[in-house]
Amino acid sequence: MNNLEKNTTGNIWRKWDLHVHTPKAIFNNQFGGDNETVWDKFVSEIEQSDIEVIGATDYYSIAGYKKLKKYKNEGRLENVKMILPNIEFRLTTGASGNRFVNYHVLFSPSVSDECIENSFLKKLTFELNGKLYSCERKDLEDLGKKLSDGKDNNFYRVGCQQFKVDLNQLMDLLTKNDDFNEKYFTVVAGSRKDGVTALLEDLKQGTGVYSNILNKSDGLFDTNDKTVSYFLGNTADKRAELSLLGGRKPCFEGSDVHKLNDSFGKRWTWIKAEPTFDGLLQTKFEPERRIRLSKKNKFNPDLHDKSKTIQSIQIRDTEDRFQTEVKFNPGLNAIIGGKSSGKSILLYEIAKGIIKDDEIKEITRDELNYNSLKIESNVTLSNGEEANENVSIQYFPQLYINKLSECFEDKRLQNIIKDCLKAKNTKILDKVNKFDKEKSIAIEKIGEMVKQYCQISGENSQLCEKKRQIGNPVYLDQEINDLNKKFEILTSELKLSSEEMEKYNSVNIKISNINDAIQEQQNKIVHLKDQYKEIDKFSNDVKEAFNSISSNSKELIKEVMSNFNEDIVNKKIYMKKLVEEENSNIDNLNGKVKSLKDSIESINKRLNRKEELDTNRKRLEEYQSQKVELKSLNQKIEENEANLHNKKEGIKDLIYQTIRDAKEIEEELDGELITNDLKLKLRLSFSKKQYAIMIDQFIDGRKQSRLESVGLKDPDTTFFIENNFADKWDKIINNGLDGKYDELLKKNCERKDFILSLAKIPVDLPININKENDDLDKMSPGKRAIVVLELLLENNANNPILIDQPEDNLDNRSISKDLVQLLRRVSIKKQIIIVTHNANLVVLSDADEVIVANQDPELKENQKYRFEYITGSLENARGFSDDKNKLCSHGIRQDVTDILEGGVEAFKIREKKYLI
């Protein structure tokens with residue numbers, strides 16, 4: 001038998017109908033006979049359905065089961081994976097009216113027909129007048145003859161009507177015969193007419209009989225909502241009460257057909273199990289996880305998104321070492337195996353087939369490297385599409401979660417927490433994200449102000465350098481005075497008439513005054529243009545701020561914004577007009593200068609020392625021009641100094657507002673529940689490590705020791721926390737702007753780049769988690785890991801999660817109490833694939849599929865490949881091969897107990913869920 005072809009995906013939801021009467025039904029038979037024509041129609045009706053497991057039901061007999069099985073053996077009923085014999089009895093206990101409690105015994109198909117008939121039915125007896133009659137056809141006919149009233153000549157039917165079963169005798173036959181051990185399943189009717197519920201209304205029989213029957217029943221045929229809920233026993237008080245009734249019990253829905261075209265295919269039970277008798281046995285112990293009634297679930301109750309679940313992985317191995325395909329269950333998959341058996345490789349290959357290479361390297365930190373195996377993998381989703389990088393999964397190698405949980409400020413952990421918040425409460429997440437958004441906006445604005453500050457500061461430096469080059473204004477005045485005196489001496493030596501000299505001086509004075517006026521006009525134009533630029537920039541800043549606010553807010557200030565834009569446009573037009581007017585005035589003044597120069601041209605020509613006089617005059621004009629320029633420079637420097645002060649104040653305001661916003665969010669959200677018993681714990685945080693890295697990349701290594709003296713490093717434990725946070729942040733940026741750190745910088749490092757980095761000081765509002773009054777950053781490593789796992793598994797993305805040994809560093813109590821419950825709860829909607837060495841995670845979590853990995857280079861245990869993966873349900877006990885030397889002959893259950901430490905104990909904890 002080829003194991004690899006027999007591998008299954010474990011427990012999936014299938015339609016089971018355990019209460020199907022056949023044309024051989026002795027009571028209420030409306031099939032129209034027991035002939036081949038009727039049987040052919042009956043079998044065809046089953047074939048046209050999608051029922052996978054049939055409980056062939058007969059009263060006091062398995063004749064119908066044998067007939068149906070014969071059809072199956074002849075090639076019919078291919079859609080039916082298993083047929084079970086269901087023998088229906090009437091107990092000696094009375095129900096409602098003249099009815100008696102209906103009781104069913106279902107046997108495993110592995111029990112032979114002869115064993116059922118000879119070791120069970122034949123030994124089941126009914127006493128009449130001191131004579132015992134067995135539950136075989138001949139005795140039942142004899143009993144019918146004895147009790148027939150003559151109206152019904154079918155003595156076999158009469159005998160069956162009269163034959164009542166003693167429940168204690170029935171259970172003795174089942175429990176004391178090793179052939180039936182773990183191969184039978186008892187179901188009692190739960191109705192008020194012919195079921196145990198009727199006993200509660202009969203004060204004569206009372207609850208004692210009711211309790212006795214239920215203690216000897218594995219399940220009920222009942223769809224009443226209250227009954228189903230009661231026997232699930234989800235509360236402590238119900239579980240205590242149910243212990244008197246034999247514990248929790250599954251409730252089944254069956255068609256109970258008695259004729260063709262009846263309710264078959266219209267009523268059934270969804271059971272999540274392989275279509276085996278072992279699968280049926282699990283419903284006793286996992287009724288809530290394993291059973292859904294068609295009454296409320298007409299469609300498959302699987303809640304997994306097919307576009308977000310992994311169906312299989314195809315492995316391409318050039319050396320033919322790996323099994324080519326492994327299939328997965330949409331729920332909880334547990335990969336087990338010995339050391340170096342290929343467990344982690346399989347998990348890694350699934351991740352590698354979906355996640356980008358750079359992300360895989362980031363996750364594994366290069367600690368996992370299976371590339372030397374030279375294998376390639378393709379992952380297929382349950383919707384038939386090939387998985388790619390657009391599919392989202394979460395992959396956590398061994399010890400990754402432990403490392404992740406070491407620091408609650410870790411960005412990866414923070415993203416996991418936010419994913420969980422997104423799933424549970426988007427309003428809380430929006431508020432948590434509010435700080436990040438406002439901080440980013442503030443840092444961006446601070447950065448822009450820093451750039452502007454550096455630009456203005458650089459401009460001021462240039463202006464100061466020009467002032468230095470011009471010189472001291474006192475010196476300029478002295479030079480101008482000396483030149484004027486020299487000019488007087490020169491002009492006296494020219495022997496000009498007093499009238500000419502007067503005219504010459506008068507004209508030059510006028511020219512000088514006009515030139516001063518021209519310079520003033522030009523300064524005004526420069527000032528107007530600077531103002532124009534400032535207005536234009538202010539207008540753009542306002543527009544940008546307006547565009548960034550919400551639509552509702554825009555609507556409120558729409559009219560104000562419109563008026564503002566109109567005022568800006570009018571102001572700019574007015575300033576342009578002023579510039580044009582100043583330019584026109586300059587042109588007029590230049591014309592006057594030219595006219596004045598022309599009026600004294602004849603006098604200049606007469607001067608014998610004209611060249612010397614001109615040189616003197618030019619120097620005088622140059623000094624006078626420098627004096628005007630110096631005045632303009634001083635004015636511009638003063639304006640820039642005021643602007644620099646405003647930038648610093650703006651940076652300070654942004655810093656303090658950022659911290660105030662953080663404090664408001666802290667107060668509002670601290671203590672909010674995010675999932676179950678996990679609460680938010682928000683505290684403003686500063687990362688010294690990130691800060692040190694940020695500083696060190698700019699600082700000359702030889703000058704590191706001086707950082708503390710200039711306030712860039714502080715040994716005080718209150719550094720950047722509590723009330724002095726904003727003060728420190730503001731002070732450091734201001735010191736940087738003032739150039740106090742320049743001498744510490746590396747060569748080729750600009751002040752601007754350093755201060756821009758300082759503006760991004762790593763202040764954050766990370767989400768700490770509080771559980772049972774214990775903060776995540778103060779928890780034990782094991783408890784932290786449990787909390788992180790809970791966050792991972794509880795988020796609403798419902799994407800597959802791959803975890804290698806989630807039990808690492810966890811104690812047994814945390815595993816069995818916390819992690820098991822997490823896996824059970826979350827795997828209902830989300831696919832989880834784990835590698836584990838812990839039996840509790842496999843057994844107590846009720847893994848939907850177990851994947852047994854094995855590496856066998858010599859193929860002593862494996863069938864074909866060096867690396868093979870045997871898959872199946874946890875309850876699989878029989879394996880897939882007849883070769884006892886092969887691992888696949890053991891069955892999944894044996895592999896669990898052989899491979900996993902504590903496997904036997906884990907099964908025992910489940911209280912006889914499996915026979916070991």
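The bend of a helix at a residue is the angle between two fitted axes, one for the seven residues ending there and one for the seven starting there. Keep that in mind as we walk through this structure, which is a predicted model.

Let's begin with helix α18, which runs over residues 426-470. Find Asn 433 in α18: here the helix bends by about 25 degrees. Even so, from the first C-alpha of its 45 residues to the last, α18 reaches 65 Å, close to the 66 Å expected at 1.5 Å a residue. Just after α18 comes Gly 471, with a positive phi near 105 degrees.

Now let's turn to strands. Strands of a sheet pair through backbone hydrogen bonds, either parallel or antiparallel. Strand β7, residues 184-189, offers an example of each kind. With strand β4 (residues 100-107), β7 pairs in the antiparallel sense over 5 bridges, and one bridge joins His 104 to Val 187 in β7. With strand β8 (residues 219-221), β7 pairs in the parallel sense over 3 bridges; here Ala 189 has Phe 221 as its bridge partner in β8.

Is β7 buried or exposed? This strand is mostly covered, with 6 of its 6 residues buried. On one side you will find Tyr 184, Thr 186 and Val 188, and on the other Phe 185, Val 187 and Ala 189, so both faces are covered.

Further along the chain is an open sheet of 4 strands, in the order β17-β18-β21-β22, with antiparallel pairing. Which strands stand at the edges? They are β17 (673-675) and β22 (774-775); each has a single partner strand, so one side of each is left without a neighbour in the sheet. The partnership of β21 (residues 767-771) with β22 is antiparallel and spans 2 bridges. In one of these, Asn 770 is matched with Asp 775 of β22. Helix α28 (residues 781-794) packs on this sheet, where it touches β17, β18 (678-682), β21 and β22. The direction of α28 makes about 110 degrees with that of β21.

Finally, follow α28 to its meeting with helix α29, residues 812-826. The axes of these two helices come within 10 Å and cross at roughly 5 degrees. Angles under 35 degrees count as roughly parallel, and therefore α28 and α29 are roughly parallel to each other. Which residues of α28 make the contact? They are Ile 786, Leu 789, Glu 790, Leu 793 and Glu 794. From α29, the residues taking part include Ser 814, Asp 818, Leu 819 and Leu 822. An α-helix has 3.6 residues a turn, so residues three or four places apart point the same way.

Notes
Residues numbered from 1 in each chain as written. Predicted model: local features only at pLDDT ≥ 70, side-chain atom pairs only at ≥ 80, totals over all residues. Heavy atoms only, no water. Expected span 1.5 Å × (residues − 1). Pairing = 2+ DSSP bridges. Contact = heavy atoms within 4.5 Å. Axes fitted to C-alpha atoms, helices over the stretch in contact; angles between N-to-C directions. Buried < 20%, exposed > 50% of the residue type's maximum accessible area, 1.4 Å probe, protein only. Parallel < 35°, antiparallel > 145°, perpendicular 65-115°, else oblique.
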